[in-house]
Amino acid sequence: MTDTVPGPLSGVLVADFSRILAGPYATMLLADLGADVVKVEGPGGDDTRTWTPPSRGEVSTYYLGVNRGKRSIALDLRDEADAGVARELAGRADVLVENFRPGGLGKYGLDYASVRAANPGVVYASISGFGAGAGARVPGYDLMVQAMSGLMSLTGDPDGPPYRAGISVFDVMAGNHAVIGVLAALRHREATGSGQHVEVNLMSSALTGLVNQSSAYVAGGVVPYRMGNAHPSVFPYEPLPTADHELIVAAANDGQFRKLCEVLGIPEVAEDPRFARNAGRTANREELRPILVERLVRRSAEEWFELLVEAGVPSGPINTIDGGFAAAERFGLDPVVVVGEGERAMPTTRHPIRFSETPAAYTLPPPELDEHGAELRKWLTGPRAGERT
């Protein structure tokens, strides 16, 4: 194995009592940055191990996508001996991440109050669907949150049914918020010596993540509605047809629109009082769209992409996932890295943050169920003094 620079979170022990997506995604990001993440699974393993198709070998690619960099121990919390091992792990951890239903870990002595009593410096991160109050009884699945937050009311054709996003967008968003909360709490602990409880819920992540649409309602009293791929406040900012495929055109300010018109060979359109300013273009989009399309259909999407980007006009083709990775390769982003070695080596998506001094590391492949159970049990049942395994 090649030598690697210790990550910025080197020495931080994370007890990962989460499963499925939001929690495991958060702990994977922490692992990439050097944290020692111990994934605690029930005897049957994380649900996503069996979420197929697709799979790589016999393992779900869903599970593989959010669990690199971790060690796995299988513990049946209903068994007192296993629960004792879990409490010992929580007592040694710098960070504990869990996404049980609020209050669900209390019967095992693994709730925040119990863990903090034995480990005052712990940063204890809880991820739920709808918070620990009146929403605690409601299961927290991303699809439910997409529906209940209002996102689905904004997604789809104006005259069609509402649609979910193509990924569990609020699970991912809540996972990112959990990471932010953990890092902030670790900074606070560094300054004060005190840990704290970090609470994240998908519903709150959704409402803040709806950004301009949330603000339209909260600040403007407007309830947004489905507009297909159109933007409520900017035009052109949507797919437009070309000679072969649709092309995203995102001329979001007056200067970009002037450049767009120059490339299309219709500079006079940018001086038309109806279209010279964004408010006018948005109000008169039905008049402007056919003028733009009449020019765009004369060349292919790829030809226009090159011409528009060269002129400084944001645009892009609508790719499938393979095309997205190909584009990232083309831009030098190196989107795929290999985690693990030998027979266990497998491709995975690169961590999204680059550090000049402490780059992300990809050492441990997603673990098999209880792969590290024996070594972890030996460590957790031994004295606390000395180095971690």
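Helices (H or I, at least four residues) and strands (E, at least two) are DSSP runs, numbered from the N terminus. This is a predicted model: local features need pLDDT of at least 70, side-chain atom pairs count only at pLDDT 80 or more, and totals for chains, interfaces and linings use all residues. Residues are numbered from 1 along each chain as its sequence is written, and side-chain values use heavy atoms, without hydrogens and water.

**Exercise 1.** Place Gln-146 and state whether Gln-146 is buried or exposed.

Solution. Start with the element: Gln-146 sits in helix α5 (residues 142-149). Next, apply the classes: buried means under 20% relative accessible area, exposed over 50%, partly exposed in between (1.4 Å probe, protein chains only). Gln-146 has a relative accessible area of 0%, so it is buried. Then list contacts (heavy atoms within 4.5 Å). Beyond its neighbours within four places in sequence, Gln-146 touches several residues, including Leu-151, Arg-164 and Phe-170.

**Exercise 2.** Describe the sheet that contains β9.

Solution. Take the pairing rule: two strands pair if DSSP finds at least two bridges between them. The order is β9-β10-β11, an open sheet of 3 strands with antiparallel pairing. Its edge strands are β9 and β11 (315-317), each pairing on one side only. Neighbouring strands are turned by 25° against each other on average, direction ignored. The axes behind this angle are lines fitted to C-alpha atoms, for helices over the stretch in contact; angles run from 0 to 180 degrees between N-to-C directions. Now look at one pair: 5 bridges join β9 to β10 (residues 246-250). Leu-240 stands opposite Leu-247 in β10.

**Exercise 3.** Analyse the salt bridge of Arg-330 and Glu-306.

Solution. The criterion is a side-chain nitrogen of Lys or Arg within 4 Å of a carboxyl oxygen of Asp or Glu. The two side chains meet at 2.5 Å, N to O. Arg-330 lies in helix α13 (residues 321-330) and Glu-306 in helix α12 (residues 301-311), so the pair ties together parts 24 residues apart in sequence. Glu-306 is partly exposed, at 38% relative accessible area. Shared partners also join Asp-36, Arg-71 and Glu-375 into one salt-bridge network. By this rule the count comes to 23 salt bridges.

**Exercise 4.** Compare the side chains of Glu-80 and Arg-87 in their salt bridge.

Solution. The N to O distance is 2.3 Å. Glu-80 is exposed, with a relative accessible area of 53%. Arg-87 is partly exposed, at 28%.
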